[in-house]
Amino acid sequence: MCICIKDCFLYTIHFCLLPTPLPCGIYSKHLIMNFRFINPCLLLFAFLLAGSFTGCKKDKNQDIPKDPNPAPELFVFEKGTPIGNPITKTIGPDGGSLATPDGNISVTIPPAAIQEATQFSIQPVRSTLPQSGDTVTYKLTPENVSFAKPVTIKFNYDSKHVEGSNPELLNIAYQDSTGHWFGKMATQLDSVNRTLTVTTKHFSTWGTYRIFVLRCTKTNVSDGDQANFYIQAVNYENEMPEPGGEGDDIATPLTKPQEYNSTKNVSGWKVHGLGTLKVIEQKSEAIYTAPASIKKNTVATAEVTLSNLFQKQDPTRPGRSGKMIILSPINLIAGKFDFYVDGKKVQLDGVTITSNGRNIVILGKNGENEMQATINGFEEGLYTYAFPSGSIPSHKAVIYYGPDVDKKRYLCGALSCVNDGAPEQLVSPGRIFISTWGSAGKLVDGEFEATLYRYKENQQIPCKHIETIHIKADFAIKRSQ
């Protein structure tokens, strides 16, 4: 049996040209010796074909075929920090359940899932789950518990979890010990009772998220303003067995929100309410234009249809050919200034926002009371407060509220009351945030909050007792100059 491809090939040539077969290993030598007996054309053909072989051994540098479906590189998210106190309960082999007081999440442990009484807890943590529609997720502990049977985790959802999306695009996800978020593909949706449910055999941090969201580059628009609506997604396209799961437990790793550009799956753009919507070429984005004149505050809603979103048929979700509509609002603003003092809404008249190119001044009145915020800056951003004395430092602000009579105004700073030593400065821990800084005649969006101080009357110096109020505002008004 020949052990070399080129020798076997030459054996074939020899068999045709030479009368006596030779041992396989010496064909190359014999043919060279008998070169004069071989037709030159046939010999050329033989050498060309033999040269195409690389020998008996495989080239170690030969390219290895690439995996057409490589595993995704998982994105690592930060861990959420605790918010508030945990809810705890001891549950034994007979099973039981625990839930948050607001009912946002409940956990049910079936009988025989654990062998001995164990203290379980639900700890609210700040959310790092992308497109969660909420600021809270929940850490379930102990994380190293071993369940003999699956436990049930149920979430209630409301409008904030669905905004810009659709209930059928809601899923439950968990974060593993290394920071990866995984969406549970077997999430059960009950759109009547507004719940999402999964089963699992492990505890970690859990929350709900929207697979797709219709977003807008602006929350508020004024006369003739434009804004872009676009679609974001957080799921990788490929699925994988759930780490630590059993059988057909499927999970999908989550990404940071990414713009969704599948033109074949996006259609049906339209706007409900005032304004117009123009679809750009790739169909996954549309430009909204507000009316030239907005007479009163109102809301317009953009609509788009998504198709072919899921790889598997699911009786509670659309199939490959299913379609769904998602909606996203945009505020049309003639002007608003929602102002609160100690939680009570107070009407301010004639609110103005002006700038001289160095400072921003927000001014409004209510009877004898006046509110004024002065910012040393003239652009979008976050401004913290300075002690109200002398000039305002760069990128700082001062604010006051109250009557300009007998020094009755509340200020964003005061000297603390001390019996010994020099008084200390108190400065409000609040801030002013300008999210949109428009040109003259255009909207300025923002918000502020502050703890304000003033001295009580008839106090002896140097110890002055202080009283406080808390103010906050959310505004979108046209800049005067």
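In which strand is Glu-467 found? In this predicted model, Glu-467 belongs to strand β34, which covers residues 466-478, and the description below begins with that residue before turning to the chain as a whole.

**Glu-467 and its surroundings**

Glu-467 counts as partly exposed because its relative accessibility is 26%, a value that falls between the 20% limit for buried residues and the 50% limit for exposed ones. Once the neighbours within four places in sequence are left aside, Glu-467 is in contact with Tyr-410, Leu-452, Tyr-453, Arg-454 and Lys-456. With Arg-454 there is also a polar contact, in which the two side chains are joined at 2.7 Å. Tyr-455 is twelve residues away from Glu-467 along the chain, and the C-alpha atoms of these two residues are separated by 6.2 Å.

**The chain as a whole**

The protein chain has 481 residues, of which 41% count as buried, and its secondary structure comes to four helices and 34 strands. If contacts are restricted to residues at least 6 apart in sequence, 61% of them join residues at least 24 apart. The chain exposes about 26,700 Å², and 52% of that area is supplied by carbon and sulfur atoms.

**Strand β28 and the loop before it**

Ala-397 is found in strand β28 and counts as buried because its relative accessibility is 0%. Not counting residues up to four places away in sequence, Ala-397 touches Thr-374, Ile-375, Tyr-383, Thr-384, Tyr-385, Ala-386, Ile-392, Cys-412 and Ile-432. Ala-373 lies 24 residues from Ala-397 in sequence, and the two are 7.0 Å apart in space from C-alpha to C-alpha. His-395 is placed in the loop between β27 (381-385) and β28 (396-403), where its phi is near 60 degrees, a positive value in a residue other than glycine. With a relative accessibility of 32%, His-395 counts as partly exposed. A positive phi is also found at Ala-112, where the angle is near 70 degrees; this residue lies in the loop between β3 (105-109) and β4 and, at 43% relative accessibility, counts as partly exposed.

**Strand β4 and the loops around β5**

Ser-121 lies in strand β4 and counts as buried because its relative accessibility is 12%, which is under the 20% limit. Beyond the residues up to four places away in sequence, Ser-121 touches Pro-86, Ile-87, Thr-88, Leu-98, Lys-139, Leu-140 and Thr-141. Thr-141 is also its partner in a polar contact between side chains, at 2.3 Å. Thr-141 is in turn joined to Pro-142 by a cis peptide bond, with omega about 5 degrees, and Pro-142 is found in the loop between β5 and β6.

In the loop between β4 (118-126) and β5 lies Thr-128, which, leaving aside neighbours within four places in sequence, is in contact with Phe-77, Glu-78, Lys-79, Gly-80, Gln-175 and Trp-181. Gly-80 is 48 residues from Thr-128 along the chain, yet their C-alpha atoms are separated by 6.0 Å. The side chain of Thr-128 takes part in two of the polar contacts collected here.

| Group | Partner group | Distance |
|---|---|---|
| Thr-128 side chain | Glu-78 backbone oxygen | 2.8 Å |
| Thr-128 side chain | Trp-181 side chain | 3.2 Å |
| Ser-121 side chain | Thr-141 side chain | 2.3 Å |
| Glu-467 side chain | Arg-454 side chain | 2.7 Å |

**The enclosed space**

Rolling a probe the size of a water molecule over the atoms shows where empty space is left. The count comes to one cavity of 30 Å³ or more, and about 80 Å³ of space lies in the largest cavity. The elements that give two or more residues to its lining are β5 (136-141), β6 (151-156) and β11 (205-210), and β5 gives the most, with three residues. The residues that line the largest cavity are Asn-104, Leu-129, Ser-132, Asp-134, Val-136, Thr-137, Tyr-138, Phe-155, Asn-156, His-161, Gly-207 and Thr-208. By class, this lining has four nonpolar, seven polar and one charged residues.

Key
Residues numbered from 1 in each chain as written. Heavy atoms only, no water. 1 Å grid on protein atoms, 1.4 Å probe; cavity = no way out; pocket = protein on both sides within 12 Å on 5 of 7 lines; lining within 4 Å. Points joined across faces, edges and corners; volume = space filled by probe spheres on them. Nonpolar A, V, L, I, M, F, W, Y, C, P; charged D, E, K, R; others polar. Buried < 20%, exposed > 50% of the residue type's maximum accessible area, 1.4 Å probe, protein only. Contact = heavy atoms within 4.5 Å. Areas by Shrake-Rupley, 256 points an atom, 1.4 Å probe, with all protein chains shown as cover. Polar contact = N/O pair within 3.5 Å; in protein donor to acceptor, adjacent residues only side chain to side chain.
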